[in-house]
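Welcome! Please take a moment to turn the model around on your screen before reading on. The notes below will walk you through it topic by topic.

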Amino acid sequence: VFNDKVFWLSYANTLFLTFYGTIWSMVVTIFGAYALSKKRLVGRKMFNFLIVFTMWFSAGMIPTYLNYLATRSAFEGIGIADDKWVVVIAMGVAAFNIILLRNSFESVPKEIEEAAIVDGATEFQILKSVYLPMSKASLATVGLFYGLSRWNGYFWARQIIRSQLEWPLQVYIKVTLEQVLGYEMIPDLTYLPDSLVYAMILCAIIPIIIIYPYIQKYFAKGVNLGGVKE
């Protein structure tokens, strides 16, 4: 595995998708949840219903795929040929995470926001200085959800990314596993082909094993705050 340059290139691609994808998803989710948490938002009930509706019903795999192809064409039209950015932008948000963070924002005492308004704070300052610091547990939980989904993402990355050099880690491991099961590996290996896949899987889960203990303490608290609405 250490000598497999394509594996480590796929590792770098996964780090790229996870880092930028999680940041993009968090930005969209935070702004969306903050807006939906405000009762003064015009059409608030309708927007909430439309977002929740996507959790019950989806357009289906083929319309979603066509939507991603349209996103790729739009990117190519402005000179962006890197398919990794299509995966980052097009798969930007999950309705469940917006609802989770919206409920967390609604639990923030309104008196604190009113005090900030009296002091002359703008909406962005209120979001930055009041809501985000008081919602660290929910933010860590939502960030963990997005990070894991990006790190383990396989299906759409396999369908959208055309160049094998841009494949993320999970796609490369799956292709290698298919080669092992199909006995297409190089026959003069000094070890069992299965052990190569096991070593790749082990290397793939190391970052999650390292990061998860630091976020675990926020996980239960964040789900409770965002998942229960008074």
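To follow how helices pack, you need one idea: axes are lines fitted to C-alpha atoms, for helices over the stretch in contact, and angles run from 0 to 180 degrees between N-to-C directions. Two packed helices are then described by the angle between their axes and the distance between the axes. Keep in mind that you are looking at a predicted model. The protein in it has 11 helices and 0 strands.

**The whole protein**

- Read from the N terminus on, the elements run α-α-α-α-α-α-α-α-α-α-α.
- The protein has 230 residues, and 38% of them count as buried.
- About 13800 Å² of the protein is exposed, and carbon and sulfur atoms supply 68% of that area.
- Take the contacts between residues at least 6 apart in sequence: 76% of them join residues at least 24 apart.

**How helices H2 and H5 meet**

- Helix H2 covers residues 44-56, and helix H5 covers residues 95-106.
- The axes of H2 and H5 come within 8 Å, and they cross at roughly 140 degrees.
- That crossing makes H2 oblique to H5.
- On the H2 side, the contact is made by Arg-44, Asn-48, Ile-51, Val-52, Thr-54 and Met-55.
- On the H5 side, the contact is made by Ala-95, Phe-96, Ile-98, Ile-99, Arg-102 and Glu-106.
- Two residues from these lists, Arg-44 and Glu-106, also meet through their side chains in a salt bridge (2.5 Å, N to O).
- Arg-44 lies in helix H2 and Glu-106 in helix H5, so this salt bridge ties together parts that are 62 residues apart in sequence.
- Are these two partners buried or exposed? Arg-44 is buried, with a relative accessible area of 18%, and Glu-106 is buried too, at 19%.

**A nonpolar patch on the surface**

- Met-46, Phe-47, Phe-49, Leu-50, Phe-53, Met-55, Trp-56, Phe-57 and Phe-96 form a nonpolar patch on the surface.
- Together, the residues of this patch have about 960 Å² of accessible area.
- Which helix gives the patch its largest share? That is helix H2, with 7 residues.
- One of the patch residues in H2 is Met-46, which is partly exposed, with a relative accessible area of 48%.
- Met-55 and Phe-96 belong to the patch, and both also take part in the contact between H2 and H5.

**Salt bridges, with Asp-83 as an example**

- Side chains of opposite charge can pair when their charged atoms come close.
- How many salt bridges are there? The count comes to 8.
- Asp-83 is a good residue to look up, and you will find Asp-83 in helix H4 (residues 83-90).
- With a relative accessible area of 3%, Asp-83 is buried, because buried means under 20%.
- Asp-83 forms a salt bridge with Arg-72, and the closest N and O atoms of the two are 3.7 Å apart.
- This pair links distant parts of the chain, with Asp-83 in helix H4 and Arg-72 in helix H3 (residues 61-77), 11 residues apart.
- Arg-72 counts as buried, at 10% relative accessibility.
- The side chains of Asp-83 and Arg-162 also meet in a salt bridge (3.0 Å, N to O).
- Here the partners are 79 residues apart: Asp-83 is in helix H4, while Arg-162 is in the loop between helix H9 (155-160) and helix H10 (169-181).
- Arg-162 is partly exposed, with a relative accessible area of 48%.
- Leaving aside neighbours within four places in sequence, Asp-83 is in contact with Arg-72, Ile-160, Ile-161, Arg-162 and Glu-166.
- Elsewhere, Lys-38, Arg-40, Glu-113 and Glu-123 are linked in a network of salt bridges.

**Trp-24 and its contacts**

- Trp-24 is found in helix H1 (residues 5-36).
- At 33% relative accessibility, Trp-24 counts as partly exposed.
- What does Trp-24 touch, leaving aside its neighbours within four places in sequence? Trp-24 is in contact with Val-88, Ile-89, Gly-92 and Arg-150.
- Trp-24 and Ile-89 are 65 residues apart along the chain, and their C-alpha atoms are separated by 7.2 Å.

Key:
Residues numbered from 1 in each chain as written. Predicted model: local features only at pLDDT ≥ 70, side-chain atom pairs only at ≥ 80, totals over all residues. Heavy atoms only, no water. Patch = residues over 30% accessible without salt bridge, like charges linked within 9 Å, V, L, I, M, F, W, Y side chains within 5 Å. Areas by Shrake-Rupley, 256 points an atom, 1.4 Å probe, with all protein chains shown as cover. Salt bridge = Lys/Arg side-chain N within 4 Å of Asp/Glu carboxyl O. Helix = DSSP H or I, 4+ residues; strand = E, 2+ residues; numbered from the N terminus. Buried < 20%, exposed > 50% of the residue type's maximum accessible area, 1.4 Å probe, protein only. Parallel < 35°, antiparallel > 145°, perpendicular 65-115°, else oblique. Contact = heavy atoms within 4.5 Å.
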